[in-house]
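Here's a quick briefing to read with the structure open beside you. Take it one topic at a time and find each residue as you go.

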Amino acid sequence: MKNFELDNRQYVIGGAAVLIIVIYIIRLFSLQIMSDDYKRNADSNAFLKKVDYPARGVITDRHGKLLVFNQPAFDIMVVMSEAKGKLDTADFCNTLNMTREEFDRRMAAIKDRSRNPGYSSYTRQIFLSQISNEDFSVFQEKIFRFPGFYVQRRSVRQYQYPVAAQLLGDVAEVSPADIEEDEYYQPGDYIGKLGIERKYEKQLRGEKGVQILLRDARGRIKGSYLNGSLDKRPVPGKNLTLSIDYELQALGERLMEGKRGSIVAIEPSTGEVLCLVSSPTYDPRLMVGRQRSKYQRLFMQSPGRPLLNRGIMGQYPPGSTFKTTQGLTFLTEGIITPTTPFGCSHGFNYRGLHVGCHGHASPLPLVPALSTSCNAFFCWGLYYMIGNRSKYGSVQNAMNTWRDYMVSMGFGYRLGIDLPGEKRGLIPNAEFYDHAYKGSWNGLTIISISIGQGEVNATPLQIANLGATIANRGYYYVPHVVRKVQGEPLDTAFTRRHYTKANAQAYDYVVQGMRASVLGGTCRALARYDFEACGKTGTAQNRGHDHSVFMGFAPMNHPKIAVAVYVENGGWGADYGVPLGGLIMEKYINGKLSEASEQRAAEFQQRRINYGSTE
């Protein structure tokens, strides 16, 4: 009688054997064909891949003045498999002036795969970066005593002048997050951390080269593999030409010494940023090499926050500079005509609400209202716009129409400057107020936004861009700090005109108001210059002393420069904003300051504002 159970067992055993063989075949195929892990480990015994680092691109100002360049530096590299058990550690530490504890800590960090995921005992790992020329000379003479250790030639960033620190940024060693984000980087590589160095990292860094060296069984270098036919030469990084005028930037930083705030200047016809001053600042040469971490900690702990680029990150009430946007909106929407007068009894007074104003003639239409910076005029304009149900149907529709005008003028969203960290400011809409006031609000509730207070916030860059837009009579280019990238066309994002919702005739009247402000209004300190300046002051309220604000451009009919000045706790717009803005205009338009202006610049450089702490 046939034993079916035995037959079944034979099939099971046979099937299991076949399955095991198939699994082994698949695994061998995976290891030998699909995976290069073992091949790479075998290769690492026979070959040494030496990375050749490219020169990082240099940076110049708009006139070709060198701002950032490279100098030779040296890293000490180690191949763990070659150094193991062969190193006179005491001699090594003595040569580099380090303790045994520091040596052990560095070696342990290299082997820590959580911090160095690409670790291999057969490949070069960075042991010590950017050693001094003196240490390099001593180490190079004794390197034959230290098997497994090599010197890697690198370059270190150098900043020619102690200016534009937040703008230029700096370079430092890559973090694990940088390595994970971009496979180009390996532990020990350098990357731009802030400013232009960060934004244009891919253009500046170039492409690494590699030399493939042949080693014998003892790890000794025998020469180039295949006579160097597989080697790859490094490709240098691309040079950048900035739109920044170095001398203008340096003047702005001088004027802002001892103060907090920003000066931003833009060329209206191109959107090129001529200076981007943030104060307090620091010397970019301090953020280089092994001392970077020390100074970074100091700057982060400073109450003045010098690492903050206030020009693009500071979000402030624009104050009365914002009244120009209101005049443009009210004229275009037909809320007012150029001759519509509003009264001012030392401010806006209606239904128990009072918004104060300084003494001046009353009533008055738009142009003198801008010239004298009348609060009441613009409060009445907003009140009539938000309450115009026959035109808009509801306060919500009126509010969103107002919001759309502000956005078209460059407020409420990032402008898109080619620097990291730009903030958007705040322009409220109907939904914002519906949520804040449970749907019960009107023009009186939000009246302060008409004079650049309340919920409205803007960056100094946005205020300067407003000046450029008025100078152009209704359009702007996205502000940018890089004028040219070697071998590349300028991004079209910076060459397109952005038109606002306001009409050209409205701009003509606002320009008249800003010129009248110079001839006999709040900006009359600008009347001394030999060019036709246009300006608008601002005195922005806050919890402490008021901020001093200025926005303007010059010349009136062929504008070359638009300027915004923002001095925290500087008082009236005419106290700091106007005189500093005038000096910036004069320097750029005339190429130099007059003797009298040089004296004024020195006086303002010496002025200090007490912020209750040491910068």
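**A pocket, a helix, two loops and a cavity**

The second largest pocket here has a volume of about 770 Å³. Keep in mind that you're looking at a predicted model. Helix 12 helps line that pocket, so it gets its own section below, followed by two loop residues and a cavity.

**The second largest pocket**

- In total, 28 residues line this pocket, and those nearest its centre are Arg-106, Arg-115, Ile-126, Ser-129 and Glu-173.
- Several elements each chip in at least two lining residues: helix 5 (100-111), strand 4 (125-131), strand 6 (171-173), helix 8 (176-181) and helix 12 (292-301).
- Which element gives the largest share of the lining? That's strand 4, with 6 residues.
- Sort the lining by class and you get 12 nonpolar, 9 polar and 7 charged residues.

**Helix 12 and its two sides**

- Look along helix 12 and you'll find Arg-292, Tyr-295 and Phe-299 buried.
- Why do these buried residues line one face of the helix? Seen down the axis of helix 12, they fall within an arc of 75°, so they share one face.
- Here's the general idea: an α-helix has 3.6 residues a turn, so residues three or four places apart point the same way.
- What do the buried residues of helix 12 pack against? Their partner is strand 6, which also supplies at least two residues to the lining of the second largest pocket.
- Turn to the face pointing away from the buried side, and you meet the exposed residues Met-300 and Gln-301.

**Asp-231, a loop residue**

- You'll find Asp-231 in the loop between strand 9 (221-224) and strand 10 (240-242).
- Is Asp-231 buried or partly exposed? Its relative accessible area is 27%, which is over the 20% limit for buried and under the 50% needed for exposed, so Asp-231 counts as partly exposed.
- Setting aside neighbours within four places in sequence, Asp-231 is in contact with Val-210, Gln-211, Ile-212 and Ser-224.
- With one of these, Ile-212, there's a polar link: its backbone nitrogen lies 2.9 Å from a polar atom of the Asp-231 side chain.
- To place Asp-231 relative to helix 12, try Tyr-295: the two residues are 64 apart along the chain, and their C-alpha atoms are separated by 39 Å.

**Ser-450, another loop residue**

- Ser-450 sits in the loop between helix 19 (430-437) and helix 20 (460-471).
- Is Ser-450 buried or exposed? With a relative accessible area of 0%, Ser-450 falls under the 20% cut-off, so it's buried.
- What does the side chain of Ser-450 reach at 2.7 Å? It gets to the backbone oxygen of Ile-447.
- Leaving out neighbours within four places in sequence, Ser-450 is in contact with Lys-323, Gln-326, Phe-378, Cys-379 and Leu-382.

**The cavity**

- How many cavities of 30 Å³ or more does the structure hold? There's 1.
- The largest cavity contains about 290 Å³ of space.
- Its lining is made of 20 residues, with Pro-54, Arg-56, Arg-154, Ser-155 and Tyr-190 nearest the centre.
- Strand 5 (149-159) and helix 10 (201-205) each give at least two residues to this lining, and strand 5 provides the largest share, 4 residues.
- By class, the cavity lining has 9 nonpolar, 4 polar and 7 charged residues.

Terms used: Residues are numbered from 1 along each chain as its sequence is written. This is a predicted model: local features need pLDDT of at least 70, side-chain atom pairs count only at pLDDT 80 or more; totals for chains, interfaces and linings use all residues. Side-chain values use heavy atoms; hydrogens and water are left out. On a 1 Å grid over the protein atoms alone, a cavity is a set of points where a 1.4 Å probe fits but cannot get out, and a pocket is an open set with protein on both sides within 12 Å along at least five of seven lines; lining residues have an atom within 4 Å of a point. Grid points are joined across faces, edges and corners, and a volume is the space filled by probe spheres set on the points. Ala, Val, Leu, Ile, Met, Phe, Trp, Tyr, Cys and Pro count as nonpolar, Asp, Glu, Lys and Arg as charged, and the others, Gly among them, as polar. Buried means under 20% relative accessible area, exposed over 50%, partly exposed in between (1.4 Å probe, protein chains only). The arc is that of the directions from the helix axis to the C-beta atoms. Contact means heavy atoms within 4.5 Å. A polar contact is a pair of N or O atoms within 3.5 Å; within protein, one must be able to donate a hydrogen and the other to accept it, and residues adjacent in sequence count only if both atoms are side-chain atoms.
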